[in-house]
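Q: Hey, I've got this structure open and I'd like to go through it with you. Can we start with any empty space inside it?

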Amino acid sequence: MTEDFSKVLHYFDDHEVLVNDHGMNNRYRYAKAKKSGEWFFVKHADNKQEREGLHREVEWAKFMQYVAETKHDEHLKGPEIIDYISDHTLVFRYIDAPLLVERHDVATWQAHMKRYAGMLHTLDECAQSWRPDSIEGRLSRTQDFDSIWRKWLGDNITQVERYNDATVVMTESIPQITTIMQHGDLTPWQIFADGDSWIIYDGERSGVDLPRFNDIAYGYGRLYTMFHSKEAAKSLVNHYLEASGMNKWLFIEKFRIALINRSIGIISDAFRDRERDDYIKDAKELLATCLDAPDTLA
């Protein structure tokens with residue numbers, strides 16, 4: 001536990017240090033903490049580099065407040081931020097609710113697929129009209145894709161046979177890419193099911209510097225590769241098309257670009273995960289499909 005985090009926890013009457021079972025624990029510290037009889041969730045950035053993630057958390061909470069007010073009948077919410085301590089710690093109201101879906105539970109995800117796709121459409125609609133009051137002026141993560149991809153892949157870049165083809169398509173597509181607020185790594189285990197309400201949390205990767213359809217691409221890529229379910233991935237897109245009313249081919253044209261970007265990220269993850277779960281072949285196949293046969297994505 002870092003010294004700063006220990007000092008923060010001293011402000012509370014009681015606390016329980018938590019471990020992130022769904023991700024890494026070397027960037028942030030977490031705790032469930034009690035003050036004046038009420039419980040809170042505390043998230044602390046270990047270093048200056050990770051503090052940007054907390055800024056993004058704040059913007060995501062503001063965006064979700066806009067969603068809740070604009071589309072109140074959809075029962076979508078974000079986390080409630082209570083305090084922001086010294087630029088390194090966020091205090092949220094504690095959410096005592098189960099996750100919508102536990103990690104790797106594809107069957108339950110599929111059971112919620114129609115509403116999940118409708119949620120993505122609602123977020124897309126709101127993102128097109130919402131404007132942040134901070135985190136502006138930075139280079140789009142899509143425009144800066146090559147340096148980001150190289151950082152993701154490291155020495156494994158030589159094993160990505162279609163890397164150059166992907167860079168050509170991305171470079172040609174940049175003028176047509178729209179960037180709007182996206183969660184960044186949205187999955188059903190980033191959502192609490194609080195009665196009828198879905199509370200979408202963990203916005204540390206969010207931002208208006210991500211391409212439109214990043215979040216549906218993220219889910220599609222996970223279903224296609226890590227879960228080895230092309231059928232579930234296609235179901236997500238088809239439910240999205242039904243909810244949005246978009247023309248399939250116009251959607252695929254834009255979605256394909258976001259999915260190429262995510263495919264490189266998934267290939268990077270696959271190299272990291274191969275000892276416990278080898279999905280490198282699936283990830284490379286997804287990239288090839290985006291490049292050669294995007295019409296088969298749905």
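A: Sure, and the lining of the largest cavity is a good start: by class it has 6 nonpolar, 1 polar and 3 charged residues. Keep in mind that this is a predicted model.

Q: Okay, and which residues line that largest cavity?
A: The lining is made of Leu120, Leu123, Asp124, Met181, Gln182, Arg212, Phe213, Asp215, Ile216 and Tyr240.

Q: Which helix gives the largest share of that lining?
A: That's helix 4, with 3 residues. Helix 4 covers 113-129 and helix 7 covers 214-224, and each of them supplies at least two residues of the lining.

Q: What volume does the largest cavity have?
A: About 90 Å³.

Q: And how many cavities of 30 Å³ or more are there?
A: The structure holds 2 of them.

Q: How does anyone find empty space like that, by the way?
A: You roll a probe the size of a water molecule over the atoms, and that shows where empty space is left.

Q: Neat. Let's switch to pockets: what's the volume of the second largest one?
A: The second largest pocket comes to about 240 Å³. There are 13 residues lining it, and the closest to its centre are Gln176, Ile177, Glu253, Lys254 and Ile257.

Q: Which elements give two or more residues to that lining?
A: Helix 6, which is 163-173, and helix 9 do. The largest share, 5 residues, comes from helix 9.

Q: And how does the pocket lining split by class?
A: You get 6 nonpolar, 3 polar and 4 charged residues in the lining of the second largest pocket.

Q: Since helix 6 and helix 9 both turned up there, at what angle do they cross?
A: Roughly 140 degrees, and their axes come within 10 Å. That angle makes helix 6 oblique to helix 9.

Q: Why doesn't it count as roughly antiparallel?
A: Because an angle has to be over 145 degrees for that label.

Q: Got it. Is the crossing of helix 6 and helix 9 left-handed or right-handed?
A: Helix 6 passes helix 9 in a left-handed crossing. On the helix 6 side, the contact is made by Tyr163, Ala166, Val169, Met170 and Ser173. Helix 9 brings Arg256, Ile257, Ile260, Asn261 and Ile264 to that contact.

Q: What classes do those contact residues fall into?
A: The contact of helix 6 with helix 9 has 7 nonpolar, 2 polar and 1 charged residues.

Q: What about helix 9 and helix 10, how do they cross?
A: The axes of helix 9 and helix 10 (residues 280-292) come within 9 Å, and the crossing angle is roughly 160 degrees. That makes helix 9 roughly antiparallel to helix 10. The crossing of this pair is left-handed.

Q: Which residues meet there?
A: From helix 9 it's Arg256, Leu259, Ile260, Ser263, Ile264, Ile266, Ile267, Ala270 and Phe271. From helix 10 it's Ile280, Ala283, Lys284, Leu286, Leu287, Cys290 and Leu291. By class, the contact of helix 9 with helix 10 has 13 nonpolar, 1 polar and 2 charged residues.

Q: One more pair: what do helix 8 and helix 9 do?
A: Helix 8 is residues 230-244 and helix 9 is residues 248-273; their axes come within 11 Å and cross at roughly 125 degrees. Helix 8 and helix 9 are therefore oblique to each other. Their crossing is right-handed.

Q: And which residues touch in that pair?
A: Val237, Tyr240 and Leu241 in helix 8 meet Lys248, Phe251 and Phe255 in helix 9. The contact residues of helix 8 with helix 9 are 5 nonpolar, no polar and 1 charged. You've also met Tyr240 before, as one of the residues lining the largest cavity.

Note on methods
Residues are numbered from 1 along each chain as its sequence is written. This is a predicted model: local features need pLDDT of at least 70, side-chain atom pairs count only at pLDDT 80 or more; totals for chains, interfaces and linings use all residues. Side-chain values use heavy atoms; hydrogens and water are left out. Axes are lines fitted to C-alpha atoms, for helices over the stretch in contact, and angles run from 0 to 180 degrees between N-to-C directions. Helices (H or I, at least four residues) and strands (E, at least two) are DSSP runs, numbered from the N terminus. Angles under 35 degrees count as roughly parallel, over 145 as roughly antiparallel, 65 to 115 as roughly perpendicular and the rest as oblique. A crossing is left-handed if the near helix is turned anticlockwise from the far one by less than a right angle, and right-handed if clockwise. Contact means heavy atoms within 4.5 Å. Ala, Val, Leu, Ile, Met, Phe, Trp, Tyr, Cys and Pro count as nonpolar, Asp, Glu, Lys and Arg as charged, and the others, Gly among them, as polar. On a 1 Å grid over the protein atoms alone, a cavity is a set of points where a 1.4 Å probe fits but cannot get out, and a pocket is an open set with protein on both sides within 12 Å along at least five of seven lines; lining residues have an atom within 4 Å of a point. Grid points are joined across faces, edges and corners, and a volume is the space filled by probe spheres set on the points.
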